[in-house]
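Visitor: Could you walk me through this fold, starting from one residue pair?

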Amino acid sequence: MFKTGKWMMTLALLMLVLSACGNNGNASNASNGGNAETGVATPATAESEATETTTLKVASLIPPMTDILELIKPQLKEEGINLEVVVLSDNVQPNDALANKEVDANFFQHVPYMEQYNESKNTELVPVQPVYHAIYGAYSKRYKSMEELPDGATIAIANDPSNIGRSLVMLDKAGVIKLKEGVGIEATQADIVENSHNYKFEEVDLLMLARMLDDADLVLMTPAYASPLGLTPKKDALLTETVDSAFAITLVARQDNRDSEAIQKLAKAISSPEVKQFLKDNYDEIALPAF
């Protein structure tokens with residue numbers, strides 16, 4: 001009788017230990033974010049899923065645009081966004097890629113250029129955040145001042161409508177030519193009403209302007225294309241335009257995604273104090289913050 005009772009007590013104790021181990025296993029499952037019986041995600045699992053990385057593709061062209069995008073990558077990564085910079089080779093592809101939903105945004109243009117693209121392609125690209133002013137300048141390899149520019153000189157300007165108008169308005173404000181009253185940035189060569197020096201205007205692709213320095217007497221272009229040649233508006237331009245917010249280089253998205261969380265996080269990062277300081281430290285002579 002004594003031996004039998006002792007054996008039954010041992011068996012009961014063993015069953016109690018096994019039961020405790022089973023409960024601990026369930027508790028461990030729960031603490032790791034899952035319900036062992038139902039498989040339903042607990043709040044810990046849901047939180048993990050909510051912080052999954054979102055890939056955001058942004059098309060761009062050249063520095064400082066690409067430099068700024070690289071700068072903000074770590075900040076966006078901390079916020080769950082993997083920023084992928086898509087560098088393209090001309091000033092049409094970034095808008096085509098955005099309109100065709102091959103990328104989520106682009107960063108290379110001013111708003112008048114975007115509006116002209118929308119009008120010609122019947123698209124709905126929209127400005128999200130102005131980032132910096134790229135001051136237009138007039139450069140020459142042959143002359144040191146506008147006064148030296150001879151009658152009949154050739155002036156190279158960009159050939160897209162928004163930058164044709166921008167170039168002519170800059171020359172109009174400087175008194176080099178006179179435009180028809182009220183045409184503004186819609187101006188074309190047909191709107192020139194006074195050209196006392198008989199200057200000739202050659203319209204070329206935006207990306208070809210820097211090369212025109214060898215052939216033309218004067219070239220009007222943004223710092224992005226002058227800077228690789230060692231030229232800056234403050235130091236080298238014979239003329240510069242005044243700061244105009246309409247021509248700020250701007251982050252652009254589509255109407256259907258402009259308000260998305262990812263695009264808004266990108267807009268905040270691209271207009272951060274860090275970006276402003278970066279422009280001041282590295283591009284102070286060619287890019288003035290627009291925020």
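Guide: Sure, let's start with Ala138, which stands opposite Leu239 in β11. This is a predicted model, where local features need pLDDT of at least 70, side-chain atom pairs count only at pLDDT 80 or more, and totals for chains, interfaces and linings use all residues. Residues are numbered from 1 along each chain as its sequence is written, and side-chain values use heavy atoms, with hydrogens and water left out.

Visitor: In which sense do β5 and β11 pair?

Guide: Helices (H or I, at least four residues) and strands (E, at least two) are DSSP runs numbered from the N terminus, and two strands pair if DSSP finds at least two bridges between them. β5, residues 137-139, shares 2 bridges with β11, and the sense is antiparallel.

Visitor: Which strands are at the edges of the sheet?

Guide: The open sheet has 5 strands with mixed pairing, in the order β9-β6-β10-β5-β11. Pairing on one side only marks the edge strands, β9 (200-204) and β11 (239-240).

Visitor: Which helix packs on that sheet?

Guide: Contact here means heavy atoms within 4.5 Å. The helix touching β5, β6, β9, β10 and β11 spans residues 161-173: that's α6.

Visitor: Which element gives the largest share of the lining of the largest pocket?

Guide: A pocket is an open set of points on a 1 Å grid over the protein atoms alone, where a 1.4 Å probe fits, with protein on both sides within 12 Å along at least five of seven lines; lining residues have an atom within 4 Å of a point. Two or more lining residues come from each of α5 (111-121) and α6. The largest share, 4 residues, belongs to α5.

Note on methods: Axes fitted to C-alpha atoms, helices over the stretch in contact; angles between N-to-C directions.
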